Amino acid sequence: MGFFKEFKEFAVRGNVLDMAVGVIIGGAFGKIVSSMVNDIIMPLIGIITGKIDISALALTIPSPTQGAEPIMVKYGMFLQNTLDFIIIVFCIFVFIKFINNFKKKKEEAPAAPPAPSPEEVLLTEIRDLLKNK
C-alpha cells in the first residue's frame, strides 16, 4: 500500500504536472515549427536555389560486388534535418526571448505608492500648520 501512496504523491506533485504540460505544449509547438519549415521556409529556399530539393541530394557509390545494388549516401537528408534543427532552435530562441522580455517588463513596472488615507492627509496638514506658527 505504501508504494502506491508514494507513487500518487509523486504523480500529483506540482513540478511533475508542470513538466507534463511542458511536454504537451512542446510537442504542439514542434508541429507548428515543423509545418513552418516544411510548408513556408523550404519552398522559399527552393525558389531561391532554383527549385533544388535538398533532401533528394545523394551520392551513389557503385557496389564492389557484381550485381549488388549501389550504395546511396543520402547527404541531402542530413542537410535537410540539420537545416530543420537550426530553424527550430532559432524559433524556440526567439519565442523564449519574447517570453523573457514580457516577464521582465511585467516585473519592472514599479508599483505606485498607495494614496495616503484621509487621516494621514489631515495629520500632514496639521503638522504643516504647526510648523508655520
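A residue is termed exposed when its relative accessible area is over 50%. This cut-off applies to the legends below, which describe a predicted model.

**View 1. Exposed phenylalanines F3 and F4**. F4 has a relative accessible area of 60% and is therefore exposed. F3 also counts as exposed, because its relative accessibility is 62%.

**View 2. Aromatic pairs in the structure**. A search of the whole structure yields 2 aromatic pairs. In the pair formed by F3 and F4, the ring centres lie 5.6 Å apart and the planes meet at 75°, so the arrangement is edge-to-face. For F29 and F95, the centres are 5.2 Å apart with the planes at 35°, and the pair is therefore tilted.

**View 3. Domain 1 and domain 2 of the chain**. Domain 1 spans residues 1-51, and domain 2 spans residues 53-107. Taken over C-alpha atoms, the centres of the two domains are separated by 18 Å. Domain 1 contributes 10 residues to the contact, and domain 2 contributes 10 residues.

**View 4. The area buried between domain 1 and domain 2**. The two domains bury about 730 Å² between them, with 82% of this area on carbon and sulfur atoms. On the side of domain 1, F29, V37 and M42 provide 51% of the area buried against domain 2, more than any other three residues.

**View 5. Polar and charged features between domain 1 and domain 2**. The count of salt bridges between the domains is 0. The count of residue pairs in polar contact, with both residues at pLDDT 80 or more, is likewise 0. The side of domain 1 that touches domain 2 comprises 7 nonpolar, 2 polar and 1 charged residues.

Methods: Residues are numbered from 1 along each chain as its sequence is written. This is a predicted model: local features need pLDDT of at least 70, side-chain atom pairs count only at pLDDT 80 or more; totals for chains, interfaces and linings use all residues. Side-chain values use heavy atoms; hydrogens and water are left out. Domain bounds come from an automatic or database domain assignment. Contact means heavy atoms within 4.5 Å. Buried area is the accessible area (1.4 Å probe) that two parts lose on being put together, summed over both. A salt bridge is a side-chain nitrogen of Lys or Arg within 4 Å of a carboxyl oxygen of Asp or Glu. A polar contact is a pair of N or O atoms within 3.5 Å; within protein, one must be able to donate a hydrogen and the other to accept it, and residues adjacent in sequence count only if both atoms are side-chain atoms. Ala, Val, Leu, Ile, Met, Phe, Trp, Tyr, Cys and Pro count as nonpolar, Asp, Glu, Lys and Arg as charged, and the others, Gly among them, as polar. Rings of Phe, Tyr and Trp (its six-membered ring) pair if their centres lie within 6.5 Å; planes under 30 degrees apart count as stacked, over 60 as edge-to-face and the rest as tilted. Buried means under 20% relative accessible area, exposed over 50%, partly exposed in between (1.4 Å probe, protein chains only).
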